[in-house]
Amino acid sequence: MENGTTFETDHHIGQPDLASEGSLNLAPGAERHHAMAQNGTAAGSSGISQPEINVLNYSTDFPELPEVPTLPMGKPIGGAWSKPPTVRSQVVTQVFQLRGDERASRTNGKSFGNTNEEQQRCNEIAKATDTTIELCEAKDHSLTVLITGKRGKVEDARSRLVRELQTQATREIAIPKEHHRILIGKEGSKLRQLEQETDCRIVVPGRDSPSDIIRIIGPREGIEKAVHEIQLASDKQSKLAQEHLMIPRIYYPWIRGPNNETMDALMAETGAKINIPPPSANNEIIVITGEKEGVHRAADELNKIYEEKKANAKPVTCQVARAQHRYVIGPQRRGLTEILKETGVSVEVPTEEEDSDTITLRGDPAKLGEALALVYAKASSVITSEISCEHWMHKFLIGPKGSTLQTLVPNKDKVQIDFEDGGTIYLEGPPEDVKAAQTSLTNEIDRLTREMSSDTIKVHPSLHRHVIGRGGALISKIKEETGVQITIPNEQTNSDEIKVEGKKEGVKKAIEEIAEIVKRIENEKSRDILIEQRFHKQIIGAKGEAISKLREQYPSVVFSFPDASKKSDVVNLRGDKNEVDKVFKQLTALNKELLENNFQMTVPIFKEFHKHIIGKGGANVRKIREDTQTRIDLPGGESGEDKITVTGKKANVEKAVEQLTQIQNELASIVTSEVSIPQKVHSRLLGGGRRLIHDIQDQCGGVHIKFPPEKSSSDKVSIRGPKEDVAKAEKMLLALAKDRELSSFEDSVKAKSEFHRFLIGRGGGNIKKIREKYPDVRILFPRETDTDDETIHLLGKKEEVAVVKKQLESMISELNETVEMKMDVDPKYHRHFVMRGAAVLREIQEQNGGVIISFPRAGSYESKVTIKGIKQCVESAKARIEEIVEDLAAQVTIQVEIPSIHHRALLSNRGQKVQDICTKYNVQIKFPDRRLREEAERLEHEGAGDVEHTGEPSPLDMIVLSGRDTKCEEAKQALLALVPITKKVHVAYEHHRYLIGRSGETVRSLMQAHDVNISIPHQDKHLDEITVTGQAENVEEVVADILKMVTKLEESAEDRKLRSFKLSVDIPQEYHTRLIGFRGRVVNELQAKHNVEIAFPRGEDPPNTIVLTGYEKNCEACKEEMEAMVGEVQSLFTQEISLDASFHPRLIGQRRRNVRKVMEEFQVEIRFPRANDPDPNLVVVAGKNEDAVYDCIDYLRGQEEDYLQERNERGQYLSQRLPDPAPVPKAPQVKIEGAPWQLDMQSEDQFPSMGTTPSCTTAGGAWGGVRRF
């Protein structure tokens, strides 16, 4: 099979995928070298290697490529193919060929209409892979296959075609069994990839099979490529080696060297990886892996160290108290490392499980004495002592920021002092310093025992907030009065113990006050009562007088009424039990009384009768109110509501409703009538938004027509109203129903909305005439809310509807007929109609059906104005023009003096304010001409000293108003009101930035809201005055707002000052991570709880200083809690263990789940080394319980041992059966002769000159001179 070529459908030539197409076409010399390399490999694999030099001739073994025809000048090489397209197509075309001898089945006969076997297989594959496959057979019986489709599917189709159409061969190759897993890869991924690249099926024997033969089935080229790839992978594995050294554990310190220096240097030198078992492992096998040469060198070096120390090192033992062993070991085993580095002696300290005091030293006998002295020096350099005292005394011994402890123990930097939760104080350090510190602390403890005390009082957690008081006011008051410290437990602990510490008298007094508060709170009670919200105002009373009396009567009760917007009826009572019960009983009785006295009923009274209900001066309604003792509320005049609400006692309300109904009946004989209308007609009558029913109600004096509900089977329709109107409505409704039942023909007429008022006529005259003639036809004009404002609906009998429609169409056609009318308008008024884009003229046209109004050309002095359009519209437009001319004839002109400097402000926003005045008062306003202003500025500039001031107003300041005399005066006042004024406001400089806001948002919003200009001085001037310019009314409003903002800013500045209190806390740096917590959880909780900001040291800050910012009392409380947390951590029992660093990730687990589970199980804390720690294997386990710490250490070591054993098993996979590797064959040497790079660049024979050239002396520069290759 030849090389395949892939083509993009957008004519982009892709690069041939040589790796996936089988064998390669090489130059003759390359083929010879490739064949020799294959032979050399085969020879090497048989154990025979004969190095030889192969000589290749450049001209014969590497012939020239065929010449390419020269392209015409100006045409770029490659043309459209020279660069890839911007957007690549997903559809590709791939071509490959099958030689005649490679075809699995060959059909020489030509078939017309029927496809051969190969074509059938191609069709099946094309259908299965969603591709297009085309075949072409040549004379030499070779077959060309063209596949088109998406890239992935084309590859799949090609692989299937190769298996179906090409002859398959089988080849077996022997590969060492231990190399099979490398060929297979993880979960068979590498084997699948190789099968896909070579179009072959590769059969690898199973793990349990003793055979090492790998079978390859596929095309010849694919088999060759697969064999090549498999052989390369096997040869690469043959170069690797693994060595196991059995060396006793006692020699590991010398093999590792101080701080692993020896082992690291050896690994860097040899490139091999050395794995030494950790102290907790049971085996003593050192594993060395890597390339053979490096492994052998590393193994030799380790054996030399082992043999040397085995021959020279001698052991010696000494007895050191077990408690002093950790001082010999030192932090992170630094003590043992220092002794090994200084003396070359290994120190073996027994593990904690051995419970032994014997320390063994091994090394050069001459150095053992020096090492022994160092061991004793380290063991005796530190002693431990303990002092027993009450736990509450610890904070008094430590003092604020540790000041008291620093005073008691001046040499605190030499002595480590740990305060335990149980009360014990541990001292550790040099003997003299420890004794001095112990004496000082003991004396202070005795003094605290005599003068101070600590006591607890049990208070239910739900009452703690009452003891604290609002904002901590109550608890702070007790602290100030008694001088004690009161610790209230956190809500999350759910503890009921409040601790009080201080002087004995103060503690006793504080506990008594807390007990009194608790007793009073326990007697409190909270109770809710339901009272309708409409009664709340009556209970509260005018200006709160009624509720104030209740509060005076029951001072311990707190009344909580709901907000009016919540529409809640719940009133809360809280206070003394007895008083709350009394208030509840009193409010219940009051609520009952209010319910009885505030019974409500609504009675529908026709709107036109409301004035009769009220009477002259309200006499009628007042009389009803007095007689019935009720409250009668009538709806507003513009509400459209006709229902009257009556409130009072039930009997009185019913009596008042009866009187109101009687008045209405007497005035209009209100009756209620019921008519029967078939249910099926109801929907027709109610259709179209109840338009027919509304029309009947309007025509019959607003009677009420009520239909039964939709799902009801009743056919009764009630009509209520005055007797005559009810009778009329009943008659119309029955007629309409009958007409609907017999005939319900509907039609419509289209007419422009501006024609409707002409169709209706003045007072509805036109439409009344039609209805009188055809009473059964309903004419429904569109309402304002209808989207279709041109359709007029006609309902009734078909014949009558047709006649009415014809009449309406006739009227509409008359309206559509245009007439032309002329009128006289004095030319001096023409300009008023056509100025400002003919705004007045357009308004007249819009109001009168779009009539065409033509004024004579300017300068013609003609007075005839032509109006063309619908007759009614033309007449209406003419009347409007005459009205405007009459106003213009009565116009006056006045002048208003406003300084020119304010003209720009008046004309701001494109003169919108002036235009509003013109529209509102129907006047014209003219400002001085701009040319006049420019001329005055020019004269002033040329001769400023010669200008005479006559005292008369300047023409530049005069504004001319034209219009009706009354309107002009009003417009003048409105214009003067727009003249801006300037006012200065005193605002302290430090408040300016808050007034400006972010990016000027605040000051900009003020200026936009009040339409003023606010000028704030530049920050460099440090001025306290702000200038406000604008209309007088707006200026006063904005100044008031600014002063309010300044008041709030001053209050917030004072609060910020209190909140910016800073407190420094000295806490050792190693505890900072504990205070921060996982992802800052602990520090965030502290900040939220105490409302402070906590800043940890950064950069050049003191490493142990943490700064708290907030209210002073909050900072102090946060400091106490932080010191308590640090004290708790310092009191933990701590042990250091060495765990292999590679085991740490497994121990930690994903998102620290594993280590968190271990810490929770054993109630300990596990700390891992940092990246820059000298010993990456050192792990610290700390906890309150010593046994739990040891149990956790045992568990961790067991887990580490299991992990290392599992890792060793994975590393030793089938390594026991690894045969002796075959010698690596040497690559054949190749020598090439006659190549261009071997020619002499200076030889004229090999590089003849191009002819004589005139000599010139040009500077070489960066590009001059001879380039040497």
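Buried means under 20% relative accessible area and exposed means over 50%, with partly exposed in between (1.4 Å probe, protein chains only). Keep that in mind as you click around this predicted model, where local features need pLDDT of at least 70, side-chain atom pairs count only at pLDDT 80 or more, and totals for chains, interfaces and linings use all residues. Residues are numbered from 1 along each chain as its sequence is written, and side-chain values use heavy atoms, with hydrogens and water left out.

**Stop one: helix 10**

Select residues 292-312, which make up helix 10. Helices (H or I, at least four residues) and strands (E, at least two) are DSSP runs, numbered from the N terminus. The expected span of a helix is 1.5 Å times one less than its number of residues. For the 21 residues of helix 10 that gives 30 Å, and the end C-alpha atoms are indeed 30 Å apart.

Now colour Gly294, Val295, Ala298, Ala299, Leu302, Ile305 and Tyr306, the buried residues of helix 10. Look down the axis of helix 10: these buried residues fall within an arc of 130°, so they line one face of the helix. The arc is that of the directions from the helix axis to the C-beta atoms. An α-helix has 3.6 residues a turn, so residues three or four places apart point the same way. Flip to the face turned away from the buried side and you'll find the exposed residues Glu293, Lys304 and Ala311.

What sits on top of the buried residues of helix 10? The cover, by contact (heavy atoms within 4.5 Å), includes strand 9 (240-246), helix 8 (252-256), helix 9 (261-270), strand 10 (273-275) and strand 11 (285-291).

**Stop two: aromatic rings**

Rings of Phe, Tyr and Trp (its six-membered ring) pair if their centres lie within 6.5 Å; planes under 30 degrees apart count as stacked, over 60 as edge-to-face and the rest as tilted. Tyr306 is a handy link from the last stop, as Tyr251, Trp254 and Tyr306 form one aromatic cluster.

A search of the whole structure turns up seven aromatic pairs. Try Trp392 and Phe396, an edge-to-face pair at 5.9 Å centre to centre with 80° between the planes. Both Trp392 and Phe396 are buried. Then go to Phe1133 and Tyr1190: their ring centres are 5.6 Å apart and their planes at 65°, so this pair is edge-to-face. It links distant parts of the chain, with Phe1133 in strand 45 (residues 1133-1138) and Tyr1190 in helix 45 (residues 1186-1211), 57 residues apart. Phe1133 is partly exposed at 22% relative accessible area, and Tyr1190 counts as partly exposed at 22%.

**Stop three: charges over rings**

Here a charge sits over a ring if NZ of Lys or CZ of Arg is within 6 Å of the ring centre and within 35 degrees of the ring normal. Arg527 lies over the face of Phe584, at 3.6 Å from the ring centre. Lys650 does likewise over Phe599, at 5.8 Å from the ring centre.

**Last stop: two positive phi values**

Most residues other than glycine have a negative phi. Select Asp199, in the loop between helix 6 (189-198) and strand 7 (201-203); its phi is near 60°. Asp199 counts as buried at 7% relative accessibility. Finish on Asn1091, in the loop between helix 41 (1081-1090) and strand 43 (1093-1095). Asn1091 has a positive phi of about 55° and is partly exposed, with a relative accessible area of 46%.
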